[in-house]
Amino acid sequence: MARVTVEDCIDKVENRFDLVLLAGHRARQVSQGEQITVDRDNDKNPVVALREIAEETLSPGDLKEDLIHSLQKHVEVDEPEPDLPELPAEPQEEAAVAQQQRPEGVEEEAVAFDRMSEEELLAGIEGLVPPDKNDDF
């Protein structure tokens, strides 16, 4: 049984934390039945994974891509956005377009906005009656 150390693997995967993630992922793959690429020599799955990385029988880049793919829950597909009609750039142009679309003889209605003070809003909210809790819907 050959002893594998972090120093054997660190020149293949420079970051120790990445090495732990990759070796752990590979050990899980081996435990799920993936084919190993080195002799087992009565080693446990994490040691087999480290030996595979140290002997470069598996590419760390491929392992990293496989790990990322296994962690993804949703794969976003880039689809082209539908073509939208061009919007007028200036408010004056908007008014001109609206006037062109209006039938003859129909005048523009003035839009009125109600204004409410904070006190009026609070008074209105206080007047609301909460629903009964034992009402079944």
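**Close-up 1. The turn just past α3 at E56.** Right after helix α3 ends, E56 takes a positive phi of about 55°. Keep in mind that this is a predicted model, here and in every view that follows. The helix leading up to this spot, α3, covers residues 45-54.

**Close-up 2. Helix α3, wrapped up by its neighbours.** How many of the 10 residues of helix α3 are buried? The count is 7, so the helix is largely enclosed by the rest of the structure. The buried set is N45, V48, A49, R51, E52, I53 and A54. And what do these buried residues pack against? Their partners are α1 (6-10), α2 (16-31) and α4. For context, buried residues make up 17% of the 137 residues in the chain.

**Close-up 3. R26 and E52, a buried pair bridging two helices.** Zoom in on E52 of α3 and you'll find a salt bridge to R26, with the closest N and O atoms 2.6 Å apart. R26 sits in helix α2 and E52 in helix α3, so this pair ties together parts that are 26 residues apart in sequence. Are the two partners buried or exposed? Both R26 and E52 are buried.

**Close-up 4. D41, D43 and R51, a small salt-bridge network.** R51, another of the buried residues of α3, pairs up with D43. Their closest N and O atoms are 2.7 Å apart, which makes a salt bridge, and both D43 and R51 are buried. D41 joins in too, as D41, D43 and R51 are linked in a network of salt bridges. The model has 4 salt bridges in total.

**Close-up 5. K44 in the loop ahead of α3.** K44 is found in the loop between α2 and α3. With a relative accessible area of 65%, K44 is exposed; its sequence neighbour D43, by contrast, is buried. If you'd like a distance to check, try K44 to V30: their C-alpha atoms are separated by 9.8 Å, with the two positions 14 residues apart along the chain.

**Close-up 6. D11 and K12, a salt bridge with more open partners.** Here the side chains of D11 and K12 meet in a salt bridge at 3.3 Å, N to O. D11 counts as exposed because its relative accessibility is 55%. K12, at 25% relative accessibility, counts as partly exposed.

**Close-up 7. A negative patch around E65.** Which residues gather in this patch of negative charge on the surface? They are E34, D62, E65 and D66. E65 belongs to helix α4, which covers residues 60-71. E65 counts as exposed because its relative accessibility is 53%.

**Close-up 8. A nonpolar patch around L122.** Swap charge for grease: M116, L121, L122, I125 and L128 form a nonpolar patch on the surface. Together they offer about 520 Å² of accessible area. L122 lies in helix α6, residues 118-126, and is partly exposed, with a relative accessible area of 45%.

**Close-up 9. Zooming back out to the chain.** Count up the secondary structure and you get 6 helices and 0 strands, in the order α-α-α-α-α-α along the sequence. Among the contacts with a separation of 6 or more, 49% come from residues 24 or more positions apart. The accessible surface of the chain comes to about 12500 Å², and carbon and sulfur atoms account for 51% of that.

Technical notes. Residues are numbered from 1 along each chain as its sequence is written. This is a predicted model: local features need pLDDT of at least 70, side-chain atom pairs count only at pLDDT 80 or more; totals for chains, interfaces and linings use all residues. Side-chain values use heavy atoms; hydrogens and water are left out. Patches are made of residues with over 30% relative accessible area and no salt bridge: like charges are joined within 9 Å, nonpolar side chains (Val, Leu, Ile, Met, Phe, Trp, Tyr) within 5 Å. Accessible areas come from the Shrake-Rupley method with a 1.4 Å probe; for residues, only the protein chains shown count as cover. Lys and Arg count as positive and Asp and Glu as negative; His and the chain ends are not counted. The place of a charge is taken as NZ of Lys, CZ of Arg, CG of Asp or CD of Glu. Helices (H or I, at least four residues) and strands (E, at least two) are DSSP runs, numbered from the N terminus. Buried means under 20% relative accessible area, exposed over 50%, partly exposed in between (1.4 Å probe, protein chains only). Contact means heavy atoms within 4.5 Å.
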